[in-house]
Amino acid sequence: MKRILVTGALVTALAAVLPAAAATPVFKGTVGPGFTIVMASKPKVAGLTKIVINDKADDHNFHLTGPGVNVKTSVSAIGTKTFTVKLKKGTYKFVCDPHLFMKGSFTIK
């Protein structure tokens, strides 16, 4: 009986902890207005990651490339777009395709 209670308590404790540990990290970026493209904070750890882009201009886009990743917003679209990507070790670059001087990067070690 004691073993069942301990096992039950352990299962309950794990159920409470695992969803929090398994949460997918979220990183936010913005393109526009003007000639700006930024990420408020940048990923540093490999794994499943959500990238949320707030596209504020119909003459720009946000294009992210890196090891196994190639995602982008539409140039003419305005609004919020979420990408779920699996980041690996390496360098990732983001750019506005029509204006290549608008760029940034981050590295996963």
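This is a short dialogue on reading the features of one predicted model.

User: Where do I start with a predicted model?

Analyst: Start with confidence. The chain averages a pLDDT of 87. Of the residues, 80% score at least 70.

User: Which residues have pLDDT under 50?

Analyst: Residues 5-18 stay under 50. For that stretch the model has one contact beyond four places in sequence. Where pLDDT is low, the predicted coordinates should not be read in detail.

User: Next, the sheets. How do I read the strand order E2-E1-E3-E6?

Analyst: Read the order as neighbours across the sheet. This one is open, has four strands and shows mixed pairing. Strand E2 (37-39) and strand E6 (79-87) stand at the edges. Each has a single partner strand, so one side of each is left without a neighbour in the sheet. From one strand to the next, the twist averages 20°.

User: In which sense do E1 and E3 pair, parallel or antiparallel?

Analyst: Parallel. Strand E1 (residues 26-31) and strand E3 (residues 47-55) share six bridges. For one register point, take Val-26: its bridge partner in E3 is Lys-50.

User: And in which sense do E1 and E2 pair?

Analyst: Antiparallel, over three bridges. Val-31 stands opposite Ile-37 in E2. E1 and E2 form a hairpin with five residues between them. Look at Gly-32 in that turn: its phi is positive, about 80°.

User: Which residues of E1 lie on the covered face?

Analyst: Phe-27, Gly-29 and Val-31. The uncovered face carries Val-26, Lys-28 and Thr-30.

User: What is the strand order in the open sheet with antiparallel pairing?

Analyst: E5-E4-E7-E8, four strands. Its edge strands are E5 (69-72) and E8 (99-108), each pairing on one side only. Here the twist averages 15° from one strand to the next.

User: How many bridges join E4 to E7?

Analyst: Three, between strand E4 (residues 63-66) and strand E7 (residues 90-96), which run antiparallel. Leu-64 has Phe-94 as its bridge partner in E7.

User: What links E7 to E8?

Analyst: A hairpin, through two residues. E7 and E8 pair in the antiparallel sense over seven bridges. As a register point, Lys-93 stands opposite Ser-105 in E8.

User: Now single residues. Is Asn-61 buried or exposed?

Analyst: Check relative accessibility against the cut-off: buried means under 20%. Asn-61 is at 2%, so this residue counts as buried. Its place is in the loop between E3 and E4.

User: What does the side chain of Asn-61 reach at 2.7 Å?

Analyst: The backbone nitrogen of Asp-97. A polar atom of the Asn-61 side chain also lies 3.4 Å from the backbone oxygen of Thr-73. So look for backbone atoms around this side chain, not side chains alone: the 2.7 Å pair is with a backbone nitrogen, and the 3.4 Å pair is with a backbone oxygen.

User: Which residues does Asn-61 touch, beyond those up to four places away in sequence?

Analyst: Among them are Val-31, Ile-37, Asp-55, Lys-72, Val-75, Val-95, Cys-96 and Pro-98. Asp-97 and Thr-73 are on the list too.

User: Take Thr-107. Where is its place?

Analyst: In strand E8. At 40% relative accessibility, Thr-107 counts as partly exposed. Its contacts, leaving out residues up to four places away in sequence, are Pro-43, Lys-44, Gly-90 and Thr-91. The side chains of Thr-107 and Thr-91 make a polar contact of 3.4 Å.

User: How do I see a fold-back along the chain?

Analyst: Compare sequence separation with distance in space. Thr-107 and Lys-89 are 18 residues apart along the chain. Their C-alpha atoms are separated by 7.4 Å.

User: Last, the core. Which residues have the most contacts inside the largest nonpolar core?

Analyst: Phe-62, Leu-64 and Phe-106, in a core of 18 residues. E1, E2, E3, E6, E7 and E8 each give two or more residues to this core.

User: What does Phe-106 touch?

Analyst: Leaving out residues up to four places away in sequence, its contacts include Met-39, Leu-64, Leu-87, Tyr-92 and Phe-94. Pro-43 and Gly-90 are also among them. Recall the pairing of two of these contacts: Phe-94 is the bridge partner of Leu-64.

Note on methods: Residues numbered from 1 in each chain as written. Heavy atoms only, no water. pLDDT = per-residue confidence, 0-100. Contact = heavy atoms within 4.5 Å. Pairing = 2+ DSSP bridges. Axes fitted to C-alpha atoms, helices over the stretch in contact; angles between N-to-C directions. Buried < 20%, exposed > 50% of the residue type's maximum accessible area, 1.4 Å probe, protein only. Polar contact = N/O pair within 3.5 Å; in protein donor to acceptor, adjacent residues only side chain to side chain. Core = buried A, V, L, I, M, F, W, Y, C linked by side-chain atoms within 4.5 Å.
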